[in-house]
Amino acid sequence: MGEHPSPGPAVAACAEAERIEELEPEAEERLPEAPEDFDPGSTGYISTGTFRSLLESHSAKLDPHKREVLLALADSHADGQICYQDFVSLMSNKRSNSFRQAILQGNRRLSSKALLEEKGLSLSQRLIRHVAYETLPREIDRKWYYDSYTCCPPPWFMLTVTLLEVAFFLYNGVSLGQFVLQVTHPRYLKNSLVYHPQLREQAWRYLTYIFMHAGVEHLGLNVVLQLLVGVPLEMVHGATRIGLVYVAGVMAGSLAVSVADMTAPVVGSSGGVYALVSAHLANIVMNWSGMKCQFKLLRMAVALICMSMEFGRAVWLRFHPSAYPPCPHPSFVAHLGGVAVGITLGVVVLRNYEQRLQDQSLWWIFVAMYTVFVLFAIFWNIFAYTLLDLKLPPPP
């Protein structure tokens, strides 16, 4: 029988990428060798000329935008060689910083039209393109996302959190007989989800307070921001990364209150919401020329006005005469904790689409800062309340 022709490197790389995703993390770091037909010296490199000819022969098997990325990779190597590892990393969606820089450099030489100029797209394709332009500052990343997104899994994290918040609010509204300014009801703080300074040893309250809102006016803005900002961010960056930023903002919010506003309870998801929105706005400002979302200045102004109004409402409520003295109304400091997380951890996440966070030095710096803050807040909660001889409001 005759010998079967060997598969092309593009096909082999796709198979290699699927195999890489199934390996253990430490195995992923091993450098694959280029096929012997194209790298007889086993150097790990193939020539750009060979690479271009392979792209032409296998172009029908690649999405047009991914083929454009590969051409950008070829154009970025002036020395005439391409690292096979970069090729495999691209096909397996595990791009390194050096690879990103190579793509950006090569992309400057491409003359193809922008994704925004493409016609004849379906409604779902236009939606994906809209999300790409809302969240990503680089055209090459927008095209890569447009070709790669499959809506599997859907943005389940933000949708699930939002539905739970609405469900708990409706349940409390019916049980209390009050929907506007629920927080003023004398029985409001008796709920086991609310963070209360006298019950701070119940650790779940540092997170579950997000399911309790001060009223429909509080819930409404948080839900709108979660859906308009959180869902598109999750579609691009995934539930793991966006969920991490959101939960970190929630935790930072309650811990910040326990340190800076020690006698006040906490309710609402503003810590997580402000973490996401602050990260998104900071990412837009830092990549202003690259962000192509429409009316970005006007929309940023509207977002900041809405956030300021919500923060102002929280400050007013905090110092308004309490409905259950001597315990004050819920604190506003959680908002500030969320903003701090958003402009640190959140910005690093949003600026590194498809990049491994563990390769980013800023990521580890901010993770260390966040860890120090959490440990400080834990020790503060254990010792400071006693040492300061602080008079706390009685348990609800």
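Which residues does UniProt list for "transmembrane region" in this chain? The unreviewed entry gives residues 242-260, 266-285, 297-319, 331-350 and 362-388. The model discussed here is predicted.

Two of these spans can be set side by side.

| Span | Helix | Strand | Distance between end C-alpha atoms |
|---|---|---|---|
| Residues 266-285 | 80% | 0% | 30 Å |
| Residues 362-388 | 96% | 0% | 36 Å |

**Annotated active site**

The UniProt record, again an unreviewed entry, assigns the annotation "active site" to S270 and H335. These positions span 66 residues in sequence, yet their C-alpha atoms are no more than 5.6 Å apart, so they gather at one spot. H335 from this set also belongs to the lining of the largest cavity.

S270 lies in helix 12, which covers residues 270-286. With a relative accessible area of 2%, S270 falls under the 20% limit and is therefore buried. Leaving aside residues up to four places away in sequence, S270 touches H218, N222, E310 and H335.

H335 is located in helix 14, formed by residues 333-351. Its relative accessibility is 4%, so H335 likewise counts as buried. With residues up to four places away in sequence again left out, the contacts of H335 are S270, Y274, E310, F311 and A314. The annotated residues thus touch each other, and E310 appears among the contacts of S270 as well as among those of H335.

**Internal cavities**

How many cavities of 30 Å³ or more does the model hold? The count comes to 3. The largest cavity contains about 60 Å³ of space. Its lining consists of A214, H218, V267, R313, A314, L317, P330, S331 and H335. By residue class, this lining divides into 5 nonpolar, 3 polar and 1 charged.

Which helix supplies the largest share of that lining? Helix 13, residues 296-319, does so with 3 residues.

Several lining residues also take part in the contacts described above. H218 lines the largest cavity and touches S270. A314 is another residue of the lining, and A314 is in contact with H335. H335 itself is part of the lining and is one of the residues that UniProt annotates as "active site".

Technical notes:
Residues numbered from 1 in each chain as written. Predicted model: local features only at pLDDT ≥ 70, side-chain atom pairs only at ≥ 80, totals over all residues. Heavy atoms only, no water. UniProt positions renumbered as here; feature names shortened; annotations may be inferred. 1 Å grid on protein atoms, 1.4 Å probe; cavity = no way out; pocket = protein on both sides within 12 Å on 5 of 7 lines; lining within 4 Å. Helix = DSSP H or I, 4+ residues; strand = E, 2+ residues; numbered from the N terminus. Buried < 20%, exposed > 50% of the residue type's maximum accessible area, 1.4 Å probe, protein only. Contact = heavy atoms within 4.5 Å. Points joined across faces, edges and corners; volume = space filled by probe spheres on them. Nonpolar A, V, L, I, M, F, W, Y, C, P; charged D, E, K, R; others polar.
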